[in-house]
Amino acid sequence: MEAVLANLKEWFQDRKQHLDLFDETKTGKQDNPLYILGDLVWLSWMAVIVSGIVLMLWYIPTTTGAYRSIQHITLDLPFGWLVRGVHKYGGDMLITVITLRIYRMYFAGEYKKPGELSWMILFLSLVLAMVSGVTGYTLEWNQRAFWAAKVILTVPTYYDQIPLVGNLGLGHAIAYIFLGGPALGQGTLTRFYAIHFGISIIAVIIIEMFVYRTRRRRLNLSAFAIVLVLVFLAFVSFMNLADVGDWANNNRTPLPVLSDWYFLALYQVVKYMPPLWAGVAPALLIGYGMLVPFLDRTKETRATERPFFFVIGLLALAYWIGFSALILLNIAVISRDPPIIWGITVVVCLLAFVWEMGYRRRKAQRAAAQAAARAAARPAGAA
Amino acid sequence: MKLERRGVIKTLVAIPVIGAIIALLSPLFRFLKPNDGAWNIFTIKPDLPAGGAQVVGRVSQLAKPWDSFYFTYVQKFVQYDPEGEEASNVPGVAIRLPQKVNFTNTEGFVGFQGETDIVLFSRICPHLGCIFNYVSDYHEVTAGYGGMEPPASEHHALMACPCHFSIYDPTYPGDPGNVISGPAPRGARYFQFEIQGDNIVVTGAEVGAIAKARPNGAQAPRGDA
């Protein structure tokens, strides 16, 4: 038992040495633009936090006041559009750069030793960013946000219908705790406000402790690049005034109703699947993401030298883009599509497995041939 | 695993320590979900919404088959905010069917004693809680709600949800309101009602999600009704 604990501690210390939260100086390749993604995570996150604190000066967290206060901030206050735009588009940018960094780490094999901890923290940060996103856009109290919150918090109630486990009331308890009652209302808004604020503030404290102890840099960009990013955010806010939508109405669900862009693919999955599966599938996805460094045991980092995990990554990317396109173009047929999608998934996974097996066999043959050649050469050289 | 004296003593000491920590933390759970008892965290019984008898409409509004009207049934529910309790509108739809049915679903909920051709459904989708619509023309279901083409036997008014495109058939044989397409795990929820003269009186609603947006009286500034 104590030996296991000691091993865990050693593992953790070793990974902590190689932890790349933002500056990516350990992962290297400073001339490659893909390696500024870590810095962009910190920069966009700070833009979101600073603009968020300014928004808090004017935001009214009540079901009657929220919508009007956001209209007031956006339309009446001097530079209110800029603060709200930086908060909204900065949040979108944060999720975009985290996602891009996740795909870069996946396809470049950077989640392998010693990058496991970096990968797991990055993946967790995507989950937290998405929770921040959904709790944040509910604060607008508009139709899109209201129905997204309603749907997302009804999903846990199906956890009470898991076969064999039975009804423990746990799923309903989760929904009740987040809703602040059995239905979406003032209690929900207050709790979402607390969660939205709390996630970032706790993460900032933990990260500042890490930076203080290790003297790692938070931001490894030139002043020009920083200004460029901030000007870009301001420009987007100016060109695309952040929309407020329609005030939430509990008697009418609009048709069509969409979620924020990073939930669209998941939204489409929920249409295809029975609700319990749709509630378990994201949990499995998060589980796969967190455990992938321990599932992929090979040492190869190049994509074509680990075909199975490479294809799974491509498939996930294709689904994410494909499902989002299906829902945006409104071309899916709910009663027709699921067998086709299952068919594609099974065939692609099988082909990936065949490729992996074939690759491993060829590699083993090559190694055997080399060993044989060495064995044949050695006596000749000795003689 | 070897059993050592030190290990046994550590375990014995750990049990009351862990117990004390749980006892100290348990009020925090009640802080999050203040139900009617210390151990009622995992139950919803104390928080079930209640309404009572309310007149929601008239039989004369439903003269011909497939006539319908929307109504709201007001329930009170517990809200974890300083006001403690809030009123909530449960949206519903009343439909006149072309034939009489037993308004009882497969969950065993009896909506009406005896046979009736008037049926009252809660419009809260039993899938994930959006508000579904009564669609009087089934072609609209194909066009706007996920491309489902109803079979010839369903060529009449249907109910369809904008969120995940569950389609419900108010005349489904043996289970009026059952789902015919989409991800919903069960049919539409029922209202329990009586007909007193010309009045349709709702006396209760099947337990399920309720939706709540703004307090009664507060109006949206823009036309989203």
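**Contacts between chains A and B, and unusual backbone geometry**

In this predicted model, contact between the two chains involves 48 residues of chain B and 46 residues of chain A. On the side of chain B that touches chain A, two strands, β2 (68-78) and β3 (85-104), each supply at least two residues, and the most is given by β3(B), with 4 residues. When the residues on this side of chain B are sorted by class, 27 are nonpolar, 13 are polar and 8 are charged.

Two cis peptide bonds were found in chain A, and each of them leads into a proline. One joins Lys113(A) and Pro114(A), with omega at about 5°, and Pro114(A) lies in the loop between α4 (80-107) and α5 (116-138) of chain A. The other runs from Leu255(A) to Pro256(A), with omega near -5°, and Pro256(A) is placed in the loop between α9 (223-239) and α10 (264-272) of that chain.

Positive phi values were also found in two phenylalanines, one in each chain. Phe79(A), which is not a glycine, has phi near 60° and belongs to the loop between α3 (66-75) and α4 of chain A. Because 13 other C-beta atoms lie within 10 Å, a count between the limits of 12 for exposed and 20 for buried residues, Phe79(A) is partly exposed. Phe165(B) has a phi of about 65° and sits in the loop between β6 (158-160) and β7 (167-169) of chain B. This residue, Phe165(B), counts as buried because it has 26 C-beta neighbours inside 10 Å, where 20 or more are required.

Key:
Residues numbered from 1 in each chain as written. Chains lettered and ligands numbered in written order. Predicted model: local features only at pLDDT ≥ 70, side-chain atom pairs only at ≥ 80, totals over all residues. Contact = placed C-beta atoms within 7 Å. Nonpolar A, V, L, I, M, F, W, Y, C, P; charged D, E, K, R; others polar.
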